[in-house]
Amino acid sequence: MRIEFHGLTKKFETGQVVLQSMDFADDVHSLAIIGPSGGGKSTLLRILGGLLIPSEGEVSVNGKLLPKDDDELQKYRKEIGFVFQQGGLFRHMNALDNIVIPLMKVHGYSKEQATDRAMDLLTRFGLEEDILKKPAALSGGQQQRVAIARAIAARPNLLLLDEPTSALDPEYTTEVLDIVNELKQEGMDFIIVTHEMGFARHACEKAAFLCEGRLMEYGPSETLFHQPETEQLQGFLGKLLEWEM
């Protein structure tokens, strides 16, 4: 997946500048975006997903500029899978319908096709006994597994994950990250915003360090973690790894 952006800037109505004229160009297969809170990570992910429009600059995916009008953005979003911090599941729908209904309403699947696809994914992710449960009756890890199943159900070109484990206990964090890593092994391109440094370092081919709205470092994950160049990344990793066993 070729991703490029030039002069990418995002300002909000309050005047806050979240992203400051960032430039980037590379082929992305598994990318971790790391950095302190407020550094612009989630904003960048939402721009790449077509959920936010940049204030300035251009973004292209596989050589095509991201559209800015609503109709074209809706078409673009159909090609992207998105997993939010707490799943974003429809609370009034059970696990099965959370996948079936979007496949039918957004992607034009027949009910039979959508049900077959949803059942395949829910079974694969160990949720076959939970298909009729609503989100409130599922654990945090189960909710995120349903959210990932929904995100990949229509076979998107790119999967975007915005801190999918931030609200989970360690045991559920592991099961969600295992699924993401499994998808990587199958060739799924993904970008994940995460504070799970072990996953960023060992499961993601590349890493990007965002701080103060700037892309301060980018490269192979092992290099960024083993040889951080900027004081900001050195300090960030030092704080996170201080209490590692």
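## The open sheet

Four strands form an open sheet in the order E2-E1-E4-E5, and their pairing is antiparallel; strands here are DSSP runs of E with at least two residues, numbered from the N terminus, and two of them pair if DSSP finds at least two bridges between them. Strand E2 (17-27) and strand E5 (64-65) are the edge strands, each pairing on one side only. This is a predicted model, in which local features need pLDDT of at least 70, side-chain atom pairs count only at pLDDT 80 or more, and totals for chains, interfaces and linings use all residues. Residues are numbered from 1 along each chain as its sequence is written, and side-chain values use heavy atoms, with hydrogens and water left out.

Five bridges join strand E1 (residues 2-11) to strand E4 (residues 56-61) in the antiparallel sense. Look for His-6, which stands opposite Glu-58 in E4.

## Two nonpolar cores

The largest nonpolar core (buried Ala, Val, Leu, Ile, Met, Phe, Trp, Tyr and Cys residues joined through side-chain atoms within 4.5 Å; buried means under 20% relative accessible area with a 1.4 Å probe, protein chains only) has 49 residues, and Ile-34, Ile-148 and Leu-159 have the most contacts inside it. Helix H5 (residues 140-152) gives this core its largest share, six residues; helices are DSSP runs of H or I with at least four residues.

Apart from the largest core lies another, of 26 residues, including Leu-48, Tyr-76, Phe-82 and Leu-158.

Methods:
Buried < 20%, exposed > 50% of the residue type's maximum accessible area, 1.4 Å probe, protein only.
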